[in-house]
Amino acid sequence: MKAEILLFVPKNENLLDKIVKFITNQNYRHAGICFPDEFGDLILEASGWKGKVLAERRVSDLKNIIIETYPVELDYFCFGKAKTLLGTKYDYKGFFLWALNREAKKKLYCFEYILEILKGDSQIGPYAKLVNDGSISGRDIKNLVTGILKSEPIIKEY
């Protein structure tokens, strides 16, 4: 099944972007996933602003952002997992304690959400399961999809 893993890099950093960059030591601010054949450019994501995993924004509506898009073929189970996790509470504690390698059960921040989806894929799942949920980063997601699935990024500015 076609999917697109999205890694977000802000064009103009605000205070939150600077905090994320400091904590994670990388430029990735956020992650999401699209299933173009099912939902077009609707982004499934864990949103700290909304406090849960949801599907409300479209890629075409974004502004002042650079998105690295990694087209991948995932097992159909991953699509079901992505939908099942909609409504899950946002993991604020995990987000802020990322550097301390903490994890909160039954809550997800954006990178954890993508990792949970990838764990269900037959190719990438065994490797994704080795990543500690409490310290998953955008760089980890990128390494999984480029290293295992050999996906090359498409970089677009919005």
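This is a walk through the structure above, from its packed interior to its empty spaces and a few unusual backbone spots. Keep in mind that the model is predicted.

Let's start in the middle. In soluble globular proteins, nonpolar side chains tend to be buried together. Here, the largest nonpolar core has 38 residues, and those with the most contacts inside it are I5, I33, L74, Y113 and L118. At least two residues of this core come from each of β1, β2 (30–34), β3, β5, α3 (76–84), α5 and α7. The largest share, 7 residues, is supplied by α5. Apart from this core lies another one, made of 8 residues, including I43, V59, L62 and I65.

Two of the well-connected core residues are worth a visit. L118 sits in helix α5. Is L118 buried or exposed? With a relative accessible area of 0%, L118 is buried, because anything under 20% counts as buried. If you skip its neighbours within four places in sequence, L118 is in contact with I5, L74, I124, G125, A128, I141, L144 and V145. Look at I5 in that list: L118 and I5 are 113 residues apart in sequence, yet 9.9 Å apart in space from C-alpha to C-alpha. The other stop is Y113. Setting aside sequence neighbours within four places again, Y113 is in contact with I33, L44, E45, A46, V53, A82, L85, L86 and L108.

Three of the contacts of L118, namely I141, L144 and V145, lead us to helix α7, residues 138–147. The buried residues here are G138, I141, L144 and V145. Why do they share a side of α7? They cover an arc of only 125° around the axis, and that puts them on the same side of the helix. The general rule helps here: an α-helix has 3.6 residues a turn, so residues three or four places apart point the same way. And what does the buried set of α7 pack against? Its partners are β1 (2–10), β5 (65–73), α5 (110–118) and α6 (125–128).

Helix α1 tells a similar story. Its buried residues are D17, V20, I23 and T24. Seen down the axis of α1, they fall within an arc of 130°, so they line one face of the helix. On the face turned away from that buried side you'll find the exposed residues L15 and F22. Right after α1 comes N25, with a positive phi near 55°.

Now for the gaps. Rolling a probe the size of a water molecule over the atoms shows where empty space is left. A search of the whole structure turns up 2 cavities of 30 Å³ or more. The second largest cavity holds about 40 Å³ of space. Its lining is made of P10, E13, D17, V20, K21, Q26, N27, Y28 and R29. Helix α1 (residues 15–24) gives the largest share of that lining, 3 residues. Sorted by class, the lining has 3 nonpolar, 2 polar and 4 charged residues.

There is also an open space to look at: the largest pocket, with a volume of about 600 Å³. It is lined by 27 residues, and L16, R29, H30, W49 and R57 lie nearest its centre. At least two lining residues come from each of β1, α1, β3 (42–47), β4 (52–58) and α4 (92–96). By class, this lining has 14 nonpolar, 6 polar and 7 charged residues.

You may have noticed R29 in the lining of the second largest cavity as well as by the centre of the largest pocket. Where is R29 along the chain? R29 sits in the loop between α1 and β2. R29 is charged, but it is buried, with a relative accessible area of 18%. Not counting residues up to four places away in sequence, R29 touches F8, P10, L16, D17, V20, W49, C110 and F111.

Last, a look at the backbone. Most residues other than glycine have a negative phi, and most peptide bonds are trans. N64 has a positive phi of about 55° although it is not a glycine. N64 belongs to the loop between β4 and β5, and its relative accessibility of 48% makes it partly exposed. K150, also not a glycine, has a positive phi near 55°. K150 is in the loop between α7 and β8 (154–157), and at 60% relative accessibility K150 counts as exposed.

Note on methods
Residues numbered from 1 in each chain as written. Predicted model: local features only at pLDDT ≥ 70, side-chain atom pairs only at ≥ 80, totals over all residues. Heavy atoms only, no water. Buried < 20%, exposed > 50% of the residue type's maximum accessible area, 1.4 Å probe, protein only. Helix = DSSP H or I, 4+ residues; strand = E, 2+ residues; numbered from the N terminus. Arc of directions from axis to C-beta. Contact = heavy atoms within 4.5 Å. 1 Å grid on protein atoms, 1.4 Å probe; cavity = no way out; pocket = protein on both sides within 12 Å on 5 of 7 lines; lining within 4 Å. Points joined across faces, edges and corners; volume = space filled by probe spheres on them. Core = buried A, V, L, I, M, F, W, Y, C linked by side-chain atoms within 4.5 Å.
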